[in-house]
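Here are my notes on the model, set out as numbered points. Please read them with the structure open.

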Amino acid sequence: MRSFSVRYVVLTAALIVLSGCAAKPVAPEQAVAQSSAPAGYTDPRDPLETINRPLWDFNYDILDAYLLRPATVGYMTVVPKPARKGLVNAANNLSEPASFLNGMLQAKPSRSAVSAGRFLVNSTLGLFGLFDVATKIGLVEQQEDFSQTLAVWGVGDGPYLMLPALGPTTVRGTTGGLVDNLYFPLGLLNTPLTLTRALIGALDSREQLMSMESLLEESLDPYAFIKESYYQRQQFKIYDGNPPQQEEPEVDEDIFDDLLDDL
């Protein structure tokens, strides 16, 4: 089967490509295993699963198969790699002010300073963001958004949502995305430019996933695989690449010995 909605492309590509930076990243194989829930299991994070799954099928079998993937192949064929990279750089540069503000709201002044520096350097020396000069001088992208800000403030995820064409999110994630688009300069962009920026991001992320399609197609439950990937990526971002490790459950050694004796 074919794959990926637009929002899934953006988030899951980031998970697979960037999770290597985490202290103990969750491997794709582990995500596949986690997606194999026992029969009758109900995920408390996903109370709308009976609605979300048909929407996933629509994104998975129709939108990607007949629209996003063919468009990405055509884009890669027509637009040279350096030009594609420049367009992505320019699109990402427009998010730096939002990253700066969210860093401040999360009490992360050092990360905010990096975002501000990146926007200044790339908008000038980088010719309106076409060239990522900031990364070359050590100012690495921070990627702070309002969904992370809400999480830091103690706001929960809310129900998991699978949106037509937009893919996986939560109530908190949807709210965060709406707020981020109100920040300068995104709030000043007209609709055609806004759509162009979103399209460039979707095509670039879909391109990154071309070599990884088998991971999804070989999973036991693609819907659950994407859901786990989404939540893992959110944890990675909220904790700046260092999510807390899950504690191993304590085992009573006496009980364990008694069980062995009974075998």
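1. Which residues of α6 are buried? The model is predicted, so read what follows in that light. In α6, the buried set is Ser112, Val114, Ser115, Gly117, Arg118, Val121 and Asn122. Arg118 and Asn122 are thus listed alongside Val114 and Val121.

2. What covers these α6 positions? The cover includes α4 (81–93), α5 (96–105) and α7 (133–136).

3. The geometry of α6 checks out. The helix runs over residues 109–124, 16 residues in all. At 1.5 Å a residue it should span 22 Å. Its end C-alpha atoms lie 23 Å apart, which agrees.

4. Next, the largest nonpolar core. It has 10 residues: Trp56, Tyr60, Tyr160, Met162, Leu216, Tyr223, Phe225, Ile226, Tyr230 and Tyr231. Three elements each supply at least two of them: α3 (49–78), β1 (160–163) and α12 (222–238). The most comes from α12, with 5 residues. In soluble globular proteins, nonpolar side chains tend to be buried together.

5. On the overall fold, the protein has 13 helices and 2 strands. Of contacts between residues at least 6 apart in sequence, 77% join residues at least 24 apart.

6. Burial and surface close the list. Of the 263 residues, 41% are buried. The protein exposes about 14,500 Å². Carbon and sulfur atoms supply 65% of that area.

Note on methods. Residues are numbered from 1 along each chain as its sequence is written. This is a predicted model: local features need pLDDT of at least 70, side-chain atom pairs count only at pLDDT 80 or more; totals for chains, interfaces and linings use all residues. Side-chain values use heavy atoms; hydrogens and water are left out. A nonpolar core is a set of buried Ala, Val, Leu, Ile, Met, Phe, Trp, Tyr and Cys residues joined through side-chain atoms within 4.5 Å. Buried means under 20% relative accessible area, exposed over 50%, partly exposed in between (1.4 Å probe, protein chains only). Helices (H or I, at least four residues) and strands (E, at least two) are DSSP runs, numbered from the N terminus. Contact means heavy atoms within 4.5 Å. Accessible areas come from the Shrake-Rupley method with a 1.4 Å probe; for residues, only the protein chains shown count as cover. The expected span of a helix is 1.5 Å times one less than its number of residues.
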